[in-house]
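Hi there,

Here is the structure I promised to pass on to you. Please have a look at it first, and then read my notes underneath.

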Amino acid sequence: MQRNFFLISVVVLMAAALACSGVPGLGGGDGSLYKDDFSGSGSGWSTFTSDNGSVEYGNGDYVMKVFTDAWFVWGNPDETALSNVHIEVTVNNTGGTADTSFGIMCNYASDTQHYYMGIDSQGFYAIAKVDGSDDVFLTNNDDWGQSEAIAKNAPSYRLGADCANGTLTLYVDGQQIATASDSSFTAGDVGLFAWTEDEINAEIHFDDLVVTSLAK
């Protein structure tokens, strides 16, 4: 199954992120660099609502909705100095759309300079780089791949991502799915995203995000 990606042509202009202050667990004693359970709407993640999609806090989750096909939405907490990190988040595809992809962004310097990696509920996955006008998949010969290690239509997924020392690694429920090498971006914000292909009215919930440091 070949899947195309339309990030550059359908990118949503996000509202500017609020200054991130008072985030629960920020620099906490548990060893995390940053974490958020999204229980409070003032923790600093960007939000917006448009005719094509929305990103909002809701019922203790960070909720992304996409109302049209071939559309990409995302959000960031404005933590711009993170580097050499492991990121984990729990994701639930509550909208039930099979071809909606969702995942993690890292080393996010701007809309046009960052990495992202994610999956859909049918077992497809990708690790990719956005650099200017180019959107390049770093895995599977610049295409989506499919892994039997990703459970289909699971109630939720625990996604993980390493962004460190020129190596990008994607994990799902504790299992390594894919890895890629690229050293274009070495630091920046983290983020979360959702994207639709052919289906509409997607809804993705994120919870319990934790960022920890990787050994250099």
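Below is what I found, starting with the disulfide, moving on to the strands and ending with the aromatic rings. Please keep in mind that this is a predicted model.

**The disulfide**

The structure holds 1 disulfide. The partners are C106 and C163, and their sulfur atoms are 1.8 Å apart. The link between C106 and C163 is left-handed, with -80° about the S-S bond. C106 belongs to strand β7 (residues 101-110) and C163 to strand β12 (residues 157-164), so the bond ties together parts of the chain that are 57 residues apart in sequence. Are these two cysteines buried or exposed? C106 has a relative accessible area of 1%, and the cut-off for buried is under 20%, so C106 is buried. C163 also counts as buried, at 1% relative accessibility.

**Around β12**

The strand that carries C163 is worth following further. β12 is mostly covered, with 7 of its 8 residues buried. Strand β6 (residues 85-93) pairs with β12 in the antiparallel sense, over 7 bridges. If you want a place to look in that pairing, H86 stands opposite D162 in β12. β12 also pairs with strand β13 (residues 167-172), again in the antiparallel sense, over 6 bridges. Here G160 has Y171 in β13 as its bridge partner. β12 and β13 form a hairpin with 2 residues between the strands, and N165 takes a positive phi near 50° there.

**Around β4**

Now to another strand with two pairings for you to check. Strand β4 (residues 61-66) is mostly covered: 5 of its 6 residues are buried. Strand β3 (residues 53-58) and β4 run antiparallel and are joined by 6 bridges. Within this pairing, S54 stands opposite K65 in β4. β3 and β4 form a hairpin that has 2 residues between them, and N59 in the turn has a positive phi of about 55°. β4 also pairs with strand β16 (residues 202-213), in the antiparallel sense and over 5 bridges. There, M64 stands opposite I204 in β16.

**The aromatic rings**

How many aromatic pairs does a search of the whole structure find? The search gives 13. I picked out two of them for you. In the pair of F38 and W45, the ring centres are 5.4 Å apart and the planes stand at 70°; edge-to-face needs an angle over 60 degrees, so this pair qualifies. F38 and W45 are both buried. The pair of F72 and F193 is stacked, with 5.3 Å from centre to centre and 15° between the planes. This pair links distant parts of the chain, since F72 sits in strand β5 (residues 72-75) and F193 in strand β15 (residues 189-195), 121 residues apart. F72 and F193 are buried as well.

One last item on the rings: F38 and W45 reappear in a cluster with Y57 and Y62, linked by ring pairs. Going by the residue ranges, β3 covers residues 53-58 and β4 covers residues 61-66, so you can view the cluster and that hairpin together on screen.

Have fun with it, and do write back if anything looks odd to you.

Best wishes

Note on methods: Residues numbered from 1 in each chain as written. Predicted model: local features only at pLDDT ≥ 70, side-chain atom pairs only at ≥ 80, totals over all residues. Heavy atoms only, no water. Phe/Tyr/Trp six-rings, centres within 6.5 Å; stacked < 30°, edge-to-face > 60°. Buried < 20%, exposed > 50% of the residue type's maximum accessible area, 1.4 Å probe, protein only. Helix = DSSP H or I, 4+ residues; strand = E, 2+ residues; numbered from the N terminus. Disulfide = S-S within 2.5 Å. Pairing = 2+ DSSP bridges.
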